[in-house]
Amino acid sequence: MQHKRFAWTCAAAGLLATMSLLGACDPEEDDKTPDPQTDAGTKPDSGTPDSGQPDAGPVDSGVPDAGPPDSGTPDAGEPDAGPPDAGPTTVLPLTVDGTWAPSGYMGDGASGGIVSAPECAATRPGTGKGDCHKFTYTAGGGNWGGVWWQYPESNWGDLPGFEVPEGASVLSFYAWGATGGEVVKFLVGLSTTADGFSLDTGDQTLTAEPKEYTIDVSRVRYRKVVGGFGWVAGGKPTPVVFYVDDIQWR
């Protein structure tokens, strides 16, 4: 009987030992995978941390674009390729004074026998262009005198004259005497050598009132004119006093 109890006791002890061993080898207890940890808030998520760098586009530095800033300076580009301005163009009508100069004193005028003064009529005749001229001629040894309007000044044909525009038909002017009866001849074209032509009015007896005179230049071939206008008078016992105004090529 005692042997049976002993045997049962040993069997029970062996069973308990076996169960203890099985508990130690429980598959659930042997799982090596750690339990998930609670996010401690100290690590960023799996995305790439924000480096704080701007995106791939260039940062606006505030500097103006590649174009040069407007300096306000006028365009420095080269001037128009067209020919430079050659100055004002001469057109008709052409005033004699200011183009030709009354510098060619002849006969007794070359020795001081002619005096010129800028005196005008109370009302200037015609268009009143150019200068007013009062001439006083006192006869000397030559018993004649005169004045040429020349271009350039004092040119007697050694230099080219002034190029008069094409299309002029007359040279016009106003003349009158201090008392009336003064005899004067008016001229244009210094010589056929200098100008290619030489024309005159023939002797004109002046009146005391301004009168217009003309010389026809429509039939001459003029170009560079040295003698743009002139006059001559014969000697008299008393001085010859007369006026000329508004002399034009037109």
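**Notebook: aromatic pairs and strands**

I looked first at two tryptophans: tryptophan 100 is buried, and so is tryptophan 249 (buried means under 20% relative accessible area, exposed over 50% and partly exposed in between, with a 1.4 Å probe and protein chains only). I note that this is a predicted model, in which local features need pLDDT of at least 70, side-chain atom pairs count only at pLDDT 80 or more, and totals for chains, interfaces and linings use all residues. Residues are numbered from 1 along each chain as its sequence is written, and side-chain values use heavy atoms, with hydrogens and water left out.

**Entry: ring pairs**

I counted aromatic pairs by a fixed rule: rings of Phe, Tyr and Trp (its six-membered ring) pair if their centres lie within 6.5 Å, and planes under 30 degrees apart count as stacked, over 60 as edge-to-face and the rest as tilted. The count comes to 15 aromatic pairs. Tryptophan 100 and tryptophan 249 form a stacked pair, at 6.2 Å centre to centre and 20° between the planes. I found tryptophan 100 in the loop between β1 (94-95) and β2, and tryptophan 249 in strand β13 (residues 240-249), 149 residues apart. Strands here are DSSP runs (E, at least two residues), numbered from the N terminus.

I then looked up phenylalanine 173 and tyrosine 213, whose ring centres are 5.6 Å apart with planes at 15°, so the pair is stacked. Phenylalanine 173 lies in strand β7 (residues 170-177) and tyrosine 213 in strand β10 (residues 211-216), 40 residues apart. Phenylalanine 173 counts as buried at 0% relative accessibility; tyrosine 213 is buried as well, with a relative accessible area of 7%. Both belong to a cluster linked by ring pairs, which also includes Phe135, Trp149 and Phe242.

**Entry: strand β4**

Phe135 led me to strand β4 (residues 133-137). In a regular strand the side chains alternate between the two faces of the sheet. In β4, His133, Phe135 and Tyr137 point to one face and are buried, while Lys134 and Thr136 point to the other and are not.

I checked the partners of β4, where two strands pair if DSSP finds at least two bridges between them. Strand β3 (residues 114-117) pairs with β4 in the antiparallel sense over 4 bridges, and valine 115 stands opposite threonine 136. Strand β13 is joined to β4 by 5 bridges and runs antiparallel to it; valine 240 in β13 is the bridge partner of tyrosine 137.

**Entry: the open sheet**

I traced an open sheet of 5 strands, in the order β2-β5-β12-β8-β9, with antiparallel pairing. β2 (101-107) and β9 (199-205) each have a single partner strand, so one side of each is left without a neighbour in the sheet. At one end, 5 bridges join β8 (residues 183-188) to β9, with valine 188 opposite leucine 199.
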